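Trainee: Got a minute? I'd like to go through this structure with you.
Mentor: Sure, put it up and ask away.

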There are 2 protein chains.
Amino acid sequence: MISLKVNLGERSYPICIGENLLDQGELLTQHIPGNSALIVSDETVAPLYMDKVENALSNFRHKTLVLPDGEEHKNLNVLNTIYDSLLENKLDRNTTLIALGGGVIGDITGFAAATYQRGVHLIQIPTTLLSQVDSSVGGKTAVNHPLGKNMIGAFYQPKAVIADTSTLDTLEQRQLCSGIAEVIKYGLIRDTAFLEWLESNIDKLLDRDPEALAYAIERSCRNKAEVVAADERESGQRALLNLGHTFGHAIETGMGYGAWLHGEAVASGMVMAARLSNKLGWITESDVDRVINIIERANLPVKAPEQMSSDKFVDLMSLDKKVSDGVLNLVLYKSLGKAVISKDYTDAILRETISESY
Amino acid sequence: MISLKVNLGERSYPICIGENLLDQGELLTQHIPGNSALIVSDETVAPLYMDKVENALSNFRHKTLVLPDGEEHKNLNVLNTIYDSLLENKLDRNTTLIALGGGVIGDITGFAAATYQRGVHLIQIPTTLLSQVDSSVGGKTAVNHPLGKNMIGAFYQPKAVIADTSTLDTLEQRQLCSGIAEVIKYGLIRDTAFLEWLESNIDKLLDRDPEALAYAIERSCRNKAEVVAADERESGQRALLNLGHTFGHAIETGMGYGAWLHGEAVASGMVMAARLSNKLGWITESDVDRVINIIERANLPVKAPEQMSSDKFVDLMSLDKKVSDGVLNLVLYKSLGKAVISKDYTDAILRETISESY
């Protein structure tokens, strides 16, 4: 087992990465301060792994809650069913919420933990590649609003992240690829050596080679932990982790939550950011091709969805969380492996980029 | 104008107390970091004071939202209308939410500010005595759940609190008395000299003597600011501010939100806490009478509502936020002017206290 640490002073916590971690109950229970817990999972993951987590909690008063699966259910109504369960089961301020599932379960359960009784304990058990390399680490929690993705949320750190890589055995290939998008992201924004490693090993990841997957997860989490430790609440460089996300969130919202997977939308967005950076003269055509190439090899989309007009793109992007006083900051490439946050583009260049991305 | 400071490091902020402060626009606008704002008020307060706040914001892009009035509307559905308004008006991460109203508006608007885009700026303009002396200061924000009051919320500090005492001129007498309950609370938990002052001056407060009101607000805010600065997230002594609140919240939830005003329920609860403390031998019969006397003189209830059985009381209290690992901590009196957080009571004594409180 590999153990990394997210350094946030008294809110520091470990990320445990390894095979069959859910069979080691103590790994989970040592992070539960009270005597009770609620395990929140979804219809896909619960039949596979809920038993293991419940076994680990045999000495705790614990309840389970199974939510419908998918981004389209990450909303205030489903959030309210978590509060209902907590109150109906009289779980108090010292209880622990355990998020067992992918990014949707982690985000909504995390936000419930942030807000139930003004904050209870939280443990993340991510079971998808995307949540293991990205969303379970760093304390971003949220639900969607019909007008914008992740618009309602809080920064709230877990007590621990337990990434059992064996759970990836049951992951659909499309979900695996979605996770690889976020892995590629770390290479593109700040880790050229990792990008090169990915260019040599992407097929191993797609074939689920355990060693390659473990390395990709560890290296991604190291990158994420470093960025989060330096800028927990995204007042600066943490925003770099949103490469491709402003375009991507527009796709997710515009196409209807759940139609495109998060990683698919981000992949398409990372290509759009590359095209825009090229238009600004910051990266070359061959850099753009390199971005397209690695994303295509991961079986991820490199084009924008035809159903979405460029007007709709611009409109949805104007609601992004990176808009400040009406100005939209975009994450762009100064070079491959070095992303920047910038407003040094014109509306015309943005529109041109979008229209050339179909 | 009196200006106090809540000392919370980089999250410190001023409380401004004085007459006609809403006519001094700069007092408000100096605390708005961006170029936009949403003013949230209710149907009672908006017709009286919205114009003044809008005038102050003439140089900012600002929108208004008027919510229905009353505790029964402090819920997730009404909260969602704030998010709707923020998104429909494309108000971004650098916007400021301004809560113009009593405790309900402050709590729900504060929670919206804490969670919209994971946190935007917040200014509290309390217009009731209760919100000026208590709820607008200290960063507790929340909405109610059908099963428990303030069960969904966050700690989130404002940039400033602007308490214009002239707004109390339009306050209903019942609302004024409700606020006096929280004023009395400070005397009972930690400020014997203030309790004595209240015993001499309660009639002046009821008659809205401006000097007496200003003094009571200032002294209450000083007490609140001290406690909050020492324990922002209620890991210890801040819980003392909840004297009477565990009983009181049970009354508010059990009778239906809005039936009893918050201060009325707290008043009744402070008497119940006194009876229980007396049963434990901590305070004398005459101490109990002294609590009853000052509360009765403020035209506040000193008995529990007959419609609520003691079983219902105990059941609702078991859901209180001060329950930890199944044990309910109550705020009790070691002596008058010295409250403590205690679980040194038996279930039998609690039930006896409740049954003798009708």
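Trainee: How much surface does chain A expose, and what share do carbon and sulfur atoms supply?
Mentor: Chain A exposes about 12,500 Å². Carbon and sulfur atoms supply 45% of that. Keep in mind that this is a predicted model.

Trainee: Noted. What share of chain A is buried?
Mentor: Buried residues are 65% of the 358 in the chain.

Trainee: What does the radius of gyration of chain A agree with?
Mentor: With a compact globule. For 358 residues such a globule would have a radius of gyration near 21 Å, and chain A comes out at 20 Å.

Trainee: And the box around it? What are the dimensions?
Mentor: Roughly 60 × 40 × 35 Å along the principal axes, for the C-alpha atoms of chain A.

Trainee: What about contacts along the sequence? How many link residues 24 or more positions apart?
Mentor: Take the contacts in chain A with a separation of 6 or more. Of these, 76% join residues 24 or more positions apart.

Trainee: Switching to secondary structure. How many helices and strands in chain A?
Mentor: 13 helices and 13 strands.

Trainee: Which domains does UniProt list for chain A?
Mentor: Two annotations to look at, both from an unreviewed entry. "3-dehydroquinate synthase N-terminal" covers residues 65-176. "3-dehydroquinate synthase C-terminal" covers residues 179-323.

Trainee: What is the helix and strand content of residues 65-176?
Mentor: Residues 65-176 of chain A are 33% helix and 30% strand. Their end C-alpha atoms sit 25 Å apart.

Trainee: And for residues 179-323?
Mentor: There the chain is 68% helix and 1% strand. The end C-alpha atoms of that stretch are 26 Å apart.

Trainee: Let's do some strands. Do strand 3 and strand 4 of chain A pair in the parallel or antiparallel sense?
Mentor: Parallel, over 7 bridges. Strand 3 is residues 36-42 and strand 4 is residues 61-67. As for the crossover, the chain leaves strand 3, passes through helix 2 (residues 46-56) and reaches strand 4. This β-α-β crossover is right-handed.

Trainee: Which residue is the bridge partner of A:Ser36?
Mentor: A:Arg61, in strand 4 of chain A.

Trainee: New topic. Where does A:Gln237 lie?
Mentor: A:Gln237 is in the loop between helix 8 (210-230) and helix 9 (245-255) of chain A. Its relative accessible area is 36%, so A:Gln237 counts as partly exposed.

Trainee: What is A:Gln237 in contact with, leaving out neighbours within four places in sequence?
Mentor: A:Val227, A:Ala230, A:Asp231 and A:Ile341.

Trainee: Over to chain B. Where is B:His249 found?
Mentor: In helix 9 of chain B, residues 245-255. B:His249 has 11% relative accessibility, so it counts as buried. Setting aside neighbours within four places, its contacts include B:Asn150, B:His262 and B:Asp320.

Trainee: B:Asn150, then. Is that one buried or exposed?
Mentor: Buried, with a relative accessible area of 8%. B:Asn150 lies in strand 8 of chain B, residues 148-155.

Trainee: What does B:Asn150 touch beyond four places in sequence?
Mentor: Among them are B:Lys74, B:Asp107, B:His249 and B:Lys321. B:Asn150 also touches A:Arg118, in chain A.

Trainee: Last one. How are B:Asn150 and B:Met50 separated?
Mentor: Their C-alpha atoms are 26 Å apart, and they are 100 residues apart along the chain.

Technical notes. Residues are numbered from 1 along each chain as its sequence is written. Chains are lettered from A and ligands numbered from 1 in the order in which they are written. This is a predicted model: local features need pLDDT of at least 70, side-chain atom pairs count only at pLDDT 80 or more; totals for chains, interfaces and linings use all residues. Side-chain values use heavy atoms; hydrogens and water are left out. UniProt positions are given in the numbering used here, feature names are shortened, and annotations may be inferred rather than shown by experiment. Helices (H or I, at least four residues) and strands (E, at least two) are DSSP runs, numbered from the N terminus. Two strands pair if DSSP finds at least two bridges between them. A crossover is right-handed if, with the strands pointing away from the viewer, the path from the first strand over the helix to the second runs clockwise. The radius of gyration is taken over C-alpha atoms; the globule rule is 2.2 Å times the number of residues to the power 0.38. Buried means under 20% relative accessible area, exposed over 50%, partly exposed in between (1.4 Å probe, protein chains only). Contact means heavy atoms within 4.5 Å. Accessible areas come from the Shrake-Rupley method with a 1.4 Å probe; for residues, only the protein chains shown count as cover.
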